[in-house]
Amino acid sequence: MASIKFITICFVTALFISLTISSVDAASGEEFKVGWRQPGVNETDLYHHWALKKKFHVGDSLRFEYKNDSVIVVDKWEFYHCNRTHPTWGAKDGNTTVNLNRAGPFYFVSGDPEHCKNGQRLAIEVLPLYPISQSPPQPISMAPAPSPLSSSALVSTIPLTFISVLISPIVAVLGGLA
């Protein structure tokens, strides 16, 4: 009877630790630094090209660094027309962090209409934390992975390793009881 109680305690403890480690990994987002300035004459697509190279997820943040300007969050129409009459939010402190707290589009423009017209505007698409694939499953490749584990992949394997280490003796004990 005592061994079953011990096994139950070990299993619940392992499950709790596993869930705690997984949730800490999922809750931490990446911060993207945005050097917020009016683009040069030949750089009007500067922010568009910058955003294309990034993947933004819920929980990430954008940190805008700027001088003598502001960052304004607007809707899609206001973004394309450099209109700031109904902003959702704005800041002018020179070091503004915006938390990406939902999936979907975000639109940012400069508080200076001329800067916006010259390309100082940013549109991004924020992906869910755990994207749901709408495409059919891809065939599994048998080729070895080309790169080593990243730190986030290592953290996500820790709970599985920890659980397997705890479950092995439990299975052995239960096998001995049968």
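Start with Ser61 and the residues around it: in this predicted model, Ser61 touches Glu30, Glu31, Phe32, Thr97, Val98, Asn99 and Leu100, leaving aside residues up to four places away in sequence. Ser61 belongs to strand β3. Is Ser61 buried or exposed? With a relative accessible area of 9%, Ser61 counts as buried, because the cut-off for that label is under 20%.

Now zoom out to the sheet that β3 helps build. Three strands make up an open sheet here, in the order β1-β3-β6, and the pairing is mixed. The edges are taken by β1 (31–35) and β6 (95–99); each has a single partner strand, so one side of each is left without a neighbour in the sheet. Going from one strand to the next, the twist averages 20 degrees. As for β3 itself, residues 61–65 pair with β6 in the antiparallel sense, over five bridges. Look along that pairing and you'll find Phe64 standing opposite Thr96 in β6.

There's another sheet to look at. Five strands form this open one, and reading across you get β2-β8-β7-β4-β5, again with mixed pairing. Which strands stand at the edges? They are β2 (56–57) and β5 (89–91), and since each has a single partner strand, one side of each is left without a neighbour in the sheet. Further in, strand β4 (residues 71–74) is joined to strand β7 (residues 104–110) by four bridges, and the two run antiparallel. One spot to pick out is Ile72, whose bridge partner in β7 is Val109.

Val109 also makes a handy stepping stone to Arg121, which sits in strand β8 (residues 121–127). The two are 12 residues apart in sequence, yet their C-alpha atoms are 4.2 Å apart in space. Val109 is also among the residues that Arg121 touches; once residues up to four places away in sequence are set aside, the others are Trp36, Tyr47, Phe79, Tyr80, His81, Cys82, Phe108 and Cys116. Tyr80 deserves a second look, as the Arg121 side chain reaches its backbone oxygen at 3.4 Å.

How does Arg121 fare for exposure, then? Its relative accessible area is 24%, which makes it partly exposed, because that label covers the range between under 20% and over 50%. Set that beside Ser61 back in β3, which is buried at 9%.

Conventions:
Residues numbered from 1 in each chain as written. Predicted model: local features only at pLDDT ≥ 70, side-chain atom pairs only at ≥ 80, totals over all residues. Heavy atoms only, no water. Pairing = 2+ DSSP bridges. Axes fitted to C-alpha atoms, helices over the stretch in contact; angles between N-to-C directions. Buried < 20%, exposed > 50% of the residue type's maximum accessible area, 1.4 Å probe, protein only. Contact = heavy atoms within 4.5 Å. Polar contact = N/O pair within 3.5 Å; in protein donor to acceptor, adjacent residues only side chain to side chain.
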